[in-house]
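User: I'd like to learn how to read burial, ring pairs and pockets from a set of coordinates. Could you walk me through an example?

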Amino acid sequence: MNTLPATMKAAVLEQIGAPLRLSELPLPVPGPGQVLVRVAAAGLNPLDTKIRAGSAGHARHPLPAVLGIDLTGTVVALGPDVDDLRIGDAVYGMTGGVGGVQGSLAEYAAVDAALLAPKPKDLSMLEAAALPLGFITAYEGLVDRAHVHAGQRVLVHGGAGGVGHLAVQLARAHGAQVFATGSARQKTMIENYGAAAIDYGSTPVADYVQVHTGGEGFDVIYDTVGGATLDASFEAVRPYHGHVVSALGWGTHALAPLSFRAATYSGVFTLRPLLTGQGRAHHGEILREATRLADLGLLRTHLDPRRFSLAEAEQAYQLIENATATGKVVVDVAAATQA
């Protein structure tokens with residue numbers, strides 16, 4: 001710790017909805033089971049903007065707050081009782097930015113070691129920062145809940161989205177035949193990730209169920225959109241053995257169509273381990289699987305080409321809020337550190 005600075009720069013939210021302000025904060029000290037990470041990049045998600053706006057009742061963060069859920073960086077110090085990480089390790093994880101846990105929009109973060117995994121060797125720090133929340137959400141739905149396997153027909157709603165494009169790749173890695181809904185302009189992207197693209201704007205549910213499953217329905221449907229799309233999933237799932245999973249099942253939905261098919265439903269709430277402390281080690285396990293797939297060339301990320309330093313984090317948030325991002329928005333924290 002003697003070679004480390006006493007303070008660090010961080011993008012701080014002082015009031016709900018206010019612009020982020022670059023501030024100087026005391027350097028965090030890793031506690032039991034934690035490591036100190038020099039942050040290289042912070043991956044931002046639409047959820048980050050909702051937390052900033054105070055509109056995510058399930059994901060509150062007391063103020064003043066350092067936001068940023070996804071992180072990549074290098075371990076620079078170890079707290080007590082850390083056995084499986086070493087100083088100098090390149091790591092990544094879904095590590096904070098909610099529930100009072102410091103986020104990744106800072107030069108350093110004290111992180112629960114259980115949340116971390118080795119960074120994929122062939123992905124840059126910025127590319128790896130685009131993975132944690134999206135991949136964990138995809139994995140909890142497809143693997144933990146639906147037990148996806150070879151020979152199944154899997155439908156991903158929102159196949160070009162932050163969770164959706166990772167769910168497509170994960171289902172394919174498990175041997176499934178994958179289909180994904182999206183807009184007409186997203187067709188090429190969806191196909192590049194290995195799924196058959198379905199234009200949700202021009203193709204009725206009954207039509208694509210008939211065309212792609214012979215009317216039987218899909219074995220697994222992963223909804224990353226919510227609302228009416230989740231309702232449509234109940235109409236498109238295969239009877240008896242079909243399973244619908246949603247990461248946005250927060251509305252009021254009629255279960256009759258699902259019940260008449262004798263199919264099943266699961267919800268995914270990826271923030272739960274961060275908010276409760278339960279199940280954090282599983283998040284580290286999931287990301288080790290992401291690393292394995294990425295190192296095999298079976299998992300790619302999709303970044304918005306624009307780059308932002310820590311001092312420009314507010315502009316990164318605006319890009320997401322204005323719905324003009326064309327991929328995952330990542331803040332290059334290391335660029336600010338080196339400036």
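Analyst: Sure. Let's begin with burial: a residue counts as buried when its relative accessible area is under 20%, and as exposed when that value is over 50%, with partly exposed in between. Keep in mind that this is a predicted model. Phe-234 has 1% relative accessibility, so it goes down as buried.

User: What does Tyr-265 count as, with its 32% relative accessibility?

Analyst: Partly exposed, because 32% falls in the middle range. Phe-234 and Tyr-265 also form a ring pair: the centres are 6.1 Å apart and the planes sit at 85°, so the pair is edge-to-face. Planes over 60 degrees apart get that label. This pair connects distant parts of the chain, with Phe-234 in helix H7 and Tyr-265 in strand S14, 31 residues apart.

User: How many aromatic pairs does a search of the whole structure find?

Analyst: There are 4. Another one is Tyr-208 with Phe-218: the ring centres are 6.3 Å apart and the planes make 50°, so this pair is tilted. Tyr-208 belongs to helix H6 and Phe-218 to the loop between H6 and strand S12, so the pair ties together parts 10 residues apart in sequence. Tyr-208 is buried at 5% relative accessibility, and Phe-218 is buried at 0%. Ring pairs also bring in Phe-179, giving a cluster of Phe-179, Tyr-208 and Phe-218.

User: How do I read a helix like that one for its faces?

Analyst: Here's the general idea: an α-helix has 3.6 residues a turn, so residues three or four places apart point the same way. Now take H6, residues 205-213, where the buried residues are Tyr-208, Val-209 and Thr-213. Looking down the axis of H6, they fall within an arc of 105°, so they line one face. Ala-206 and Val-211, on the other side of H6, are exposed.

User: What covers the buried residues of H6?

Analyst: The cover includes strand S9, strand S11 and helix H7. Right after H6 comes Gly-214, with a positive phi near 65°.

User: And pockets? Which residues lie nearest the centre of the largest one?

Analyst: For a pocket, look at its volume, then its lining. The largest pocket holds about 1,500 Å³ of space. Its lining has 47 residues, and Pro-46, Gly-161, Gly-162, Val-163 and Thr-224 are nearest the centre. Among the elements giving two or more residues to that lining are H1, H3, H6 and H7. By class, the lining splits into 23 nonpolar, 21 polar and 3 charged residues, with Gly counted as polar.

Technical notes:
Residues are numbered from 1 along each chain as its sequence is written. This is a predicted model: local features need pLDDT of at least 70, side-chain atom pairs count only at pLDDT 80 or more; totals for chains, interfaces and linings use all residues. Side-chain values use heavy atoms; hydrogens and water are left out. Buried means under 20% relative accessible area, exposed over 50%, partly exposed in between (1.4 Å probe, protein chains only). Helices (H or I, at least four residues) and strands (E, at least two) are DSSP runs, numbered from the N terminus. The arc is that of the directions from the helix axis to the C-beta atoms. Contact means heavy atoms within 4.5 Å. On a 1 Å grid over the protein atoms alone, a cavity is a set of points where a 1.4 Å probe fits but cannot get out, and a pocket is an open set with protein on both sides within 12 Å along at least five of seven lines; lining residues have an atom within 4 Å of a point. Grid points are joined across faces, edges and corners, and a volume is the space filled by probe spheres set on the points. Rings of Phe, Tyr and Trp (its six-membered ring) pair if their centres lie within 6.5 Å; planes under 30 degrees apart count as stacked, over 60 as edge-to-face and the rest as tilted.
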